[in-house]
Amino acid sequence: MIVKENTSIFPLNNPTKLRMSSEYWNSKVAVVTGASVGIGAHIAIKLANAGITVVGLARRSELIENLNKDVLESGAKIHAYHCDFTQEQSIDEAFKWIAEKFGSISILICNAGIIKANFVIESSNAEIKELYDLNVFATTICLREGLKLMRTPENHRGHIIVLNSILGHRIPDVAVPLFSVYPATKHAITGLCQTVRQEIHFLKLNIKLTSINPGMVDTDFLSVYSHTLDDLPKLNAMDVANAVMYALETPNHVQVEDVTLQAMRLHNAGSNHN
């Protein structure tokens, strides 16, 4: 999915306003990485329309600003800030800006990442490094800095949600395994989530950590595979955004550690989505 200037990523007949069952998150601050397009953009809009103050981070920050036309909640806004997740200094500066402007945050959505279609044996050093730098190193920095901004006296609760992948748990048998080191980076994220969850428990913080593990999602993320995946069932970005909202809506004493979702191949049905 490509978000173009002056266009809406939601059809007009699809209501985007959302009332959460709990009022706790209302007016709290959420940070969404990779918020300019696709899953991140849908999550940012969904959160803003639930009355949450959203900070969107991405290189193309102008696309994040454009998302505000889909924010229907009165007084809600998605704040855009330029962040290049391949640059450590850029990430540090973004979280410093968030700390100065908002003080603390209550929700962190780690969504930024990339995929490359290639064999490991044919991947260049630069390609391999880029995958690890963005998918693992940048995510780790965001987790660390986000957790610091949640660990404040005025913050009674927090929730970290990491966009992982089903490839972070198992690697399917496929005809042409053009995964490069992407599954390895996502397995690292699985271990990172489990480690940080243990740290949160040790530090006695009331912060949940949920890993969202989707299968194939119909966004520009899959464009690296050309048309080879066209006939396979796929989730859409809103399916993943709804999974994020589900995790946030759980009662205070309930922590959903993993949400795994895949598209079903529907038989004798006119559409894969209702």
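**Cysteines and sheet**

Colleague: Why is Cys142 called buried?

Modeller: Its relative accessible area is 2%, and buried means under 20% (exposed is over 50%, partly exposed in between; 1.4 Å probe, protein chains only), so the label fits Cys142. This is a predicted model, where local features need pLDDT of at least 70, side-chain atom pairs count only at pLDDT 80 or more, and totals for chains, interfaces and linings use all residues. Residues are numbered from 1 along each chain as its sequence is written, and side-chain values use heavy atoms, leaving out hydrogens and water.

Colleague: How do you know how many disulfides there are?

Modeller: A disulfide is a pair of cysteine sulfur atoms within 2.5 Å, and by that rule the count is zero. For Cys142, the nearest cysteine sulfur, that of Cys110, is 5.4 Å away.

Colleague: And what about Cys193, why no bond there?

Modeller: Its closest cysteine sulfur, in Cys110, is 8.1 Å off, which is too far for a bond. Cys193 is also buried, with a relative accessible area of 2%.

Colleague: What makes β3 and β7 edge strands?

Modeller: Strands are DSSP runs of E, at least two residues, numbered from the N terminus, and two of them pair if DSSP finds at least two bridges between them. The open sheet has seven, in the order β3-β2-β1-β4-β5-β6-β7, with parallel pairing. β3 (78-82) and β7 (258-261) each pair on one side only.

Colleague: How do you know that β1 and β2 pair?

Modeller: β1 (residues 29-33) and β2 (residues 53-58) share five bridges in the parallel sense, against a required minimum of at least two. Within that pair, Ala30 has Val54 in β2 as its bridge partner.

Note on methods. Helices (H or I, at least four residues) and strands (E, at least two) are DSSP runs, numbered from the N terminus.
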